[in-house]
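Please open the structure in the viewer and keep the sequence panel in sight. The tour proceeds by selection, one site at a time.

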Amino acid sequence: MSIHLEQEVSDFSERRLRLAGAITDYSNWLDKQHGIDAERSLRLTDAAASLRQDKLVVAFVAEFSRGKTELINALFFADHGQRLLPSDAGRTTMCPTELFFNPGEAPALSLLPIETRRREESLTTLKHMPVEWCRVSLDPTDPRQMQQCLQKLTETRPMPAVEAIELGLWSGEDASERHQLQADGTVEVPAWRYAMVNYPHPLLQAGLIILDTPGLNALGAEPELTLSVIPSAHAVMYLLATDTGVTRSDLEIWQKHVHRHANYHVAVLNKIDMLWDELKSDAEVQAAIERQAEETARVLKLPRSRVFTVSAQKALVATIKQDAALRIRSGIESLEYLLAHQVIPSRRDMLHHAVSREVMGSLEESRSDLDARLKRSSEELVQLTQLSGKNRELIEQTRATLQQEKDSYDATAVHFRITRKMLQGQGEQLMANLSDATLDEICTSGRAVMEGSWTTHGLTHGIRQMSEQMNDRLLQATKMADSMLESLERAYVRFHRDHHLPKMQVPRLDLGAYRHRLKILMQETDAFCRDPANLLLEKNFMIRRFYGGLVEAARKAFSLARTEAERWLRIALDPVMTRIREHKQYLDTRLSSLQRILENMGTLHNRMAQIKQEVSDMRHDKVALSRIAAQLVA
Ligand SMILES: Nc1nc2c(ncn2[C@@H]2O[C@H](COP(=O)(O)OP(=O)(O)OP(=O)(O)O)[C@@H](O)[C@H]2O)c(=O)[nH]1
Ligand SMILES: [Mg+2]
């Protein structure tokens, strides 16, 4: 592992924690402000917690034997002095393998038996059911023990062909697979469906998750990977090998699983050492590599700059043997550079963006509220200073003017209450569009269409109908939020215009990301439905699996959209309500203090002293807030 990469990842992790710390400070700051913003500070606590738990997922995707596992070994585990994850000729990694670190559990390899494919539960659900997994302890201090345990990732077992067909693991129709059938009617299938490696590597500790995947057949058999795991990875490394070039199945993986799906992806042309030829000059070798890289870029329709040429194997050897020249020649450093200086920083920027949207908006509001309060108190102080030594009549006059202002304010507030009631009702409707019950209804009716017409057409029609209805609900929710915001702005404007409350700064509800997610799911559904391989009735199993994957991905998108909408409702309504209530309290306090002064002129100076103290406290609060703001943008 390069210094760069380690440094970047640990900086990133440190910065993330610092940000989370600043958010917690802000939340404490808010709590101190008369505890009026408990709702907002709760929200901030959530934001800080999710920052602390944030993960960076890098997935490696390719046809078998292109060197994914070797590359993972070279990039992340070369320091162990050996090949930690099993990498070998032919099909090696038999199941998707997730490498991560969870400090709450002992280092272990957890394996999900292949038979669980029969089950209705999704992989995501199964991940939370420890009894379904076989666990093997790992000893991080003993690379040999680790290496031995990790051999389990390559395990296969014989399964009766009928069962393998049922589970979508083997296809009797496929000529290329037919020879795998043994005399006893069995075929070899992967022993495990999914593997999780909990291991305290510094990069994993800093929040990196690595996903190693097996080749085309295994990827296709697990739609959840295509529908949600790969699309939600922050970066996908797609591998090709110089000895095979871009084959048909390479292209299929690229098109089906990477190009359309992955957020950020690059192609890695691996095994360049196979082009190293001692009978050729360096320049000739370099030219041959360059030609192949350009050809790869052309076929994949990628800019040349997104194609990396490496030799994972030589990089691994070079690191183990500390051969600096070979390491440079292997090209691995350009990939490390990419991870350290593009993938990680872009994740960092995204996080920053999310944080600033969530926190800075709120912080700006706190700041303008505080400014407004400071201004109000200073004005009151000036007024009291002017009144000091004056006669009762003048004070009575001031009180009467203030009473008028208070009455007019109360009238505005009463009027606003009607809007608020209406908005609350609309908020409930908005949330109903995104509820689990709504989603269940959509899925049940989709399933009914499928079961009513157990033909490929019926099935695909059902799935398509579901996707459309889900999208429609998100659209409805967004539209409702927009119209709520308009009503709120119309109602609030009187507070700003007539009573000088700060301007309202509520952002629009943006469910775009989730609609985009659903759109991609819909495209995926279309592609799935059009794929002749899925049109055969025998592939019912696959359609059911696909349905399961789609529902799972949709549920996730809906649940995230719901959280976003809930949050929006709170940001839209709560601060406004708090501000309105708080201004009323302020007018009340001011009136009663004038009343007291009228009854006893001596209290005027007490009140002045009290305001001076408040102003000084607010100035301190303002300094503290600026310090927190500086930390958030640092
Ligand atoms: N010459 C050469 N061989 C390599 C290179 N990278 C990987 N290999 C070899 O290619 C074979 C396959 O590598 P793996 O890392 O197992 O490939 P994979 O993509 O993980 O394959 P599956 O796990 O089967 O999906 C192994 O024998 C590796 O040693 C390389 O850069 N150069
Ligand atoms: Mg592998």
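The stops below cover a metal site, a ligand site and the internal cavities of this predicted model.

**The magnesium ion.** Begin by selecting ligand 2, the magnesium ion, together with Thr69 and Thr93. The OG1 atoms of these two threonines are the protein donors, and they lie 2.0 Å from the ion. Next, colour the chain by secondary structure: Thr69 belongs to helix α3 (residues 68-76), while Thr93 is in the loop between α3 and β2 (97-100), so the pair ties together parts that are 24 residues apart in sequence. With a surface displayed, are Thr69 and Thr93 buried or exposed? Both are buried.

**Ligand 1.** Now select ligand 1 and the 22 residues around it; those that come nearest are Ser65, Thr69, Thr92, Thr93 and Asp273. Thr69 and Thr93 thus appear again at this stop, having served as donors to the magnesium ion.

Three contacts to oxygen atoms of ligand 1 may then be inspected in turn:

- Lys68: a polar side-chain atom lies 2.9 Å from an oxygen atom of the ligand.
- Ala89: here a backbone N or O atom is 3.2 Å from a ligand oxygen.
- Gly90: a polar backbone atom is found 3.4 Å from an oxygen atom of ligand 1.

**The cavities.** Finally, turn to the internal spaces. How many cavities of 30 Å³ or more does the structure hold? There are four, and the largest contains about 40 Å³ of space. To locate the largest cavity, select its lining: Val9, Phe12, Leu56, Ala206, Gly207, Leu208 and Ile344. Six of these lining residues are nonpolar, one is polar and none is charged.

Note on methods. Residues are numbered from 1 along each chain as its sequence is written. Chains are lettered from A and ligands numbered from 1 in the order in which they are written. This is a predicted model: local features need pLDDT of at least 70, side-chain atom pairs count only at pLDDT 80 or more; totals for chains, interfaces and linings use all residues. Side-chain values use heavy atoms; hydrogens and water are left out. Donors are N, O and S atoms within 2.8 Å of the metal (3.2 Å for Na, K and Ca); water is not among the atoms, so sites may look incomplete. Helices (H or I, at least four residues) and strands (E, at least two) are DSSP runs, numbered from the N terminus. Buried means under 20% relative accessible area, exposed over 50%, partly exposed in between (1.4 Å probe, protein chains only). On a 1 Å grid over the protein atoms alone, a cavity is a set of points where a 1.4 Å probe fits but cannot get out, and a pocket is an open set with protein on both sides within 12 Å along at least five of seven lines; lining residues have an atom within 4 Å of a point. Grid points are joined across faces, edges and corners, and a volume is the space filled by probe spheres set on the points. Ala, Val, Leu, Ile, Met, Phe, Trp, Tyr, Cys and Pro count as nonpolar, Asp, Glu, Lys and Arg as charged, and the others, Gly among them, as polar. A residue is near a molecule or strand if one of its heavy atoms lies within 4 Å of it. A polar contact is a pair of N or O atoms within 3.5 Å; within protein, one must be able to donate a hydrogen and the other to accept it, and residues adjacent in sequence count only if both atoms are side-chain atoms.
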